[in-house]
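Biologist: Can you walk me through this one? I would like the sheets, then anything odd in the backbone.

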Amino acid sequence: MKRLCSPFSRLLTAVCSVVLFSACSHDDNYPYITVTSIYPEAAGGGDTVKIYGTNFPIMKSGHQVSVSLNGEKVKVLSSSRDSLSVVIPVMAGSGELTVQVDNHAYSKPFTYNYVATVTTIAGSGVDGRDDGVGAAASFNCPWGLAVDNSDGTLYVADCYNRLVRKVKIPGNTVSTIPISYDVEFYSPRNITLDQHSKQLYLTDFNTHVMRIEPDGRNVPIYQGAMPLAGIAFGPDHNLYVANTNYGFILRMDTSGHHDTTFASGLTTPQNIVFDAAGTMWVSAYPHVKITPDGQVTPLPLDPGFGGWEIALDRRGNLYQADHFNNNLSLIEKSTGRKVVIAGSGNAEDVDGVGLNASFNGPQGLVTDRHGNLYISTYNYDTRGGNKIRKVVVR
């Protein structure tokens, strides 16, 4: 006896067929697309990479095709049905290299190779206090650094000389801003700059904060608990000061008044930097992030870090000057991956690229508005270093 399908059965079969077809097709108007591989899987900024797959729309096909890396647009040089040739943007970082066709995305993981070029811009390497151009100048334990974003001028807390040094960039001409012996202030440790008023603020290896006016006048503004360390001029126009031994961050106005504890419970906090969103990052063990309302988040990014200072670039990557391991490392915002981008580990100041360069006790660290890094070096065992290094990262 022949069995007849009910209307309900025929309807169910039709619905299942539609669902099955939809699950296999990403676009009713275009064949199924895949991204099968990337070659090379790791490359640097400006390098050409091939993305292989199937059914890529060719140029001028009417379909919207784009490529991105961590949300940054990637230039497409050429395309065919089975490959795309693209150029990796400088400093785009590691992450998903994504092909977008109309409303559908296809991705593969990609690793960014950083290239760091290290040069020496000032310092003979011998301890001294001479002004001059480049290697004709000398320092004695340069530590904290601040940069003027308007013209690139670098300010150096020249610790054992008890001076502030000014490095004019370009030209690398070093001059001196004296610290008066009539004020109670000891060896300068860290330094920050109000980008608008051009006033400098310094901590010493003791209990003091001092302001230096654009005309060079020294104005002591605060005395607290020893030892003070990092100092930063915040986006709210207040000063933030780290106390290393007691593990807290102070907030005060630029006259040193109305000081309050902004955050506490930190382990040996050192220098302080702010990101574009106004969040504070503090070099500590571990590093911490602190929101504008004082909420502290530990960042156990690098348990092996052996230094005191960190810096941020505009993409949110974190840099570490590792004093005891004599290198410069980067922790990617996109992946959390740590990469030693410069420094062989040898205690010597040698210019070069990547691990062929080296540092003799990197300690102070700052970035300028172009993303260039500046590092001060000093070796406490040999009294070597005494240089200011520039690092350009691509």
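**Backbone and sheet notes**

Modeller: I will take the backbone oddities ahead of the sheets. At 66% relative accessibility, His 258 counts as exposed. Keep in mind that this is a predicted model.

Biologist: Where is His 258 found?

Modeller: His 258 is in the loop between β21 (248-252) and β22 (260-263). Its phi is near 55°, which is a positive value in a residue other than glycine.

Biologist: And Met 91, buried or exposed?

Modeller: Met 91 counts as buried, because its relative accessibility is 8% and the cut-off for buried is under 20%. Met 91 is not a glycine either, yet it has a positive phi of about 65°. Its place is the loop between β6 and β7 (95-101).

Biologist: Which peptide bond before Pro 170 is cis, and what is omega?

Modeller: The bond from Ile 169 to Pro 170 is cis, with omega near 5°. Pro 170 lies in the loop between β13 (163-168) and β14 (173-178). Another cis bond runs from Tyr 285 to Pro 286, where omega is near 0°. Pro 286 sits in the loop between β24 (280-282) and β25 (287-290).

Biologist: OK, sheets now. What is the strand order in the open sheet?

Modeller: The order is β27-β28-β29-β30, four strands with antiparallel pairing. β27 (309-312) and β30 (338-342) stand at the edges with a single partner strand each, so one side of each has no neighbour in the sheet. From one strand to the next, the twist averages 30°.

Biologist: Remind me what holds paired strands together in general?

Modeller: Strands of a sheet pair through backbone hydrogen bonds, in a parallel or an antiparallel sense.

Biologist: How many bridges join β28 to β29?

Modeller: Five bridges join β28 (residues 318-322) to β29 (residues 327-331), and the two strands run antiparallel. One of the bridge pairs has Gln 320 facing Ser 329 of β29.

Biologist: I also wanted to ask about Asp 322. Which strand is Asp 322 in?

Modeller: Asp 322 belongs to β28. Asp 322 is buried and has no salt bridge. The nearest side chain of opposite charge is that of Lys 338, 5.1 Å away, and a salt bridge needs the charged atoms within 4 Å.

Biologist: What does the side chain of Asp 322 reach, then?

Modeller: The backbone nitrogen of Gly 306, at 3.2 Å.

Biologist: And which residues does Asp 322 touch?

Modeller: Leaving out residues up to four places away in sequence, Asp 322 touches Gly 304, Phe 305, Gly 306, Gly 307, Asn 327 and Pro 362.

Biologist: Change of topic: the hairpins. How do β4 and β5 pair?

Modeller: β4 (residues 65-69) and β5 (residues 72-79) pair in the antiparallel sense over three bridges. Leu 69 has Glu 72 of β5 as its bridge partner. Two residues lie between the strands of this hairpin, and Asn 70 takes a positive phi near 55° there.

Biologist: What about β5 and β6, how many residues sit between them?

Modeller: Three residues, and β5 and β6 form a hairpin. These strands pair in the antiparallel sense over four bridges, with β6 covering residues 83-87. In β6, Leu 84 is the bridge partner of Ser 79.

Methods. Residues numbered from 1 in each chain as written. Predicted model: local features only at pLDDT ≥ 70, side-chain atom pairs only at ≥ 80, totals over all residues. Heavy atoms only, no water. Pairing = 2+ DSSP bridges. Axes fitted to C-alpha atoms, helices over the stretch in contact; angles between N-to-C directions. Buried < 20%, exposed > 50% of the residue type's maximum accessible area, 1.4 Å probe, protein only. Lys, Arg positive; Asp, Glu negative; His and termini not counted. Polar contact = N/O pair within 3.5 Å; in protein donor to acceptor, adjacent residues only side chain to side chain. Contact = heavy atoms within 4.5 Å.
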